Protein chains: 2
Amino acid sequence: MRMRETRPEGIPEATLGRLHHYRVMLGRLQRAGQQTVSSRKLGELTGASAEVVRKDLSWLGAYGQRGVGYEVEGLLRRLEEEFRPTSPCPLVILGAGNLGAAVAAYAGFDLQGYRVVAVLDSNPARVGHRLQGMVVRHMRDLPQVVQETGVEIGVLTVPAVQANAVAEWCAAAGLSGLLSFSPVQPPAPAPLVVRYVNFAEQLQILRCQLRDSGAHTPERV
Amino acid sequence: MRMRETRPEGIPEATLGRLHHYRVMLGRLQRAGQQTVSSRKLGELTGASAEVVRKDLSWLGAYGQRGVGYEVEGLLRRLEEEFRPTSPCPLVILGAGNLGAAVAAYAGFDLQGYRVVAVLDSNPARVGHRLQGMVVRHMRDLPQVVQETGVEIGVLTVPAVQANAVAEWCAAAGLSGLLSFSPVQPPAPAPLVVRYVNFAEQLQILRCQLRDSGAHTPERV
DNA sequence: TAGATTGTTAATCGATTAACAATC
DNA sequence: TAGATTGTTAATCGATTAACAATC
């Protein structure tokens, strides 16, 4: 058994998140006609320090030129080679409510190599309606959707009370990953990798930061 | 100058996020009629280890009973005392598209002590429409909304290209915090504390986890 | 050559895990 | 008392910051 060298498997999670931001920003720089960019500049644009940028990029191999910076186009290609699947990564949206519609309509997916292949809902009133050119199908069709499209990742946008049951259903239907918008994180159903997007939690942290920084609560007596 | 004891200002960020989950779960346990809960059980419900739960809760002072666990109602009260403002925390939503509508409709806000006081959009076609019983107002009314309601936190749900300009506008209008759904994180406008909710980033990390775990890509040759 | 900027290493910081005494 | 469970301390792990030699 030998180690793979071209695609290091151990890129830290914090780095992965930032690499994503670099990619988005490099795309903009390229469209703006920039030839090169320094770690300092790229850091300014994405909210990271120059050192962090360099360290992160070094996971992809040394691609910069000392004294000059990074070639925008080459680095972008390298990032896309690393992360982008050869064809767009299919997604299935579970829950056709407001949030599901928002995710389905998300303009960034095209640019970032994703493609929504189906939207499912368990509410008969929603099934059959059109969303972004797709017909909403019934949740029970999930196994069939998986078979038809080979989709491996689901986006869970159902109300919190349904989240658990639908997650189990996803595991059973053969999905391998789930991005959940549910406000609580119960243990993930067995073979499923689940990540959470939780804006109420972020709001909570934000409020604590404001409180601690003394920015608000003007102590009205 | 003396240290405040009742409300420790130094609760770690990771802990704050989890305390939020504990609160949500304790609410459910209370409604289910549970009297007490152990750190082990609370951990199972929220995806944390028993040790982490105890450590997190110890930031609120020692509230458990050895050999018994934590009193659900008392602990919940303590958590709400710590985090909940006396009156619901007002929010203004900036951007009345799908995502803005989803956030405005989010059922969890009531339970968690938030209240959406206004929805703003810069697109005249959207201004005047109703959303969750509120009339969408024009983005230029923000300073007035701030004055009328005393709102301090904005939820940024505009498209990525507008995010920067609207963030500046928020800072100018006197907001002190922003929860942004923008896919990139430019430097925050001066006095504003900004947190990001980025599902494309989480999706990216999820895919890398799947790749590394070998769960998918069945190596079709 | 001199200035700029990278790539990498060492030091610091914070969060998690593991262990265990305290005690209901 | 004995079993269960907390609260806290020490050890480990990972991420960030700072420093600097390498080199375009």
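How far is a base oxygen of DNA strand D from an N or O atom in the side chain of B:Arg54? The answer is 2.8 Å, and the views below set that pair in context. This is a predicted model, in which local features need pLDDT of at least 70, side-chain atom pairs count only at pLDDT 80 or more, and totals for chains, interfaces and linings use all residues. Residues are numbered from 1 along each chain as its sequence is written, chains are lettered from A and ligands numbered from 1 in the order in which they are written, and side-chain values use heavy atoms, with hydrogens and water left out.

**View 1. Two copies, one axis.** A turn of 180° and a shift of 0.0 Å along the axis lay chain B on chain A with an RMSD of 0.1 Å (least squares on the C-alpha atoms of residues with pLDDT of at least 70 in both). The two copies are thus related as by a two-fold rotation axis.

**View 2. Residues around DNA strand D.** Here 24 residues surround the strand, and A:Arg66, B:Ser39, B:Arg54, B:Gly64 and B:Tyr70 come nearest (near: a heavy atom within 4 Å). Of the strand's atoms within 4 Å of the protein, 62% belong to sugar or phosphate and the rest to bases.

**View 3. Polar side chains at the phosphates.** The side chain of B:Ser39 places an N or O atom 2.4 Å from a phosphate oxygen of DNA strand D. For B:Tyr70, a polar side-chain atom lies 2.6 Å from a phosphate oxygen of this strand (polar contact: a pair of N or O atoms within 3.5 Å).

Notes: A polar contact is a pair of N or O atoms within 3.5 Å; within protein, one must be able to donate a hydrogen and the other to accept it, and residues adjacent in sequence count only if both atoms are side-chain atoms.
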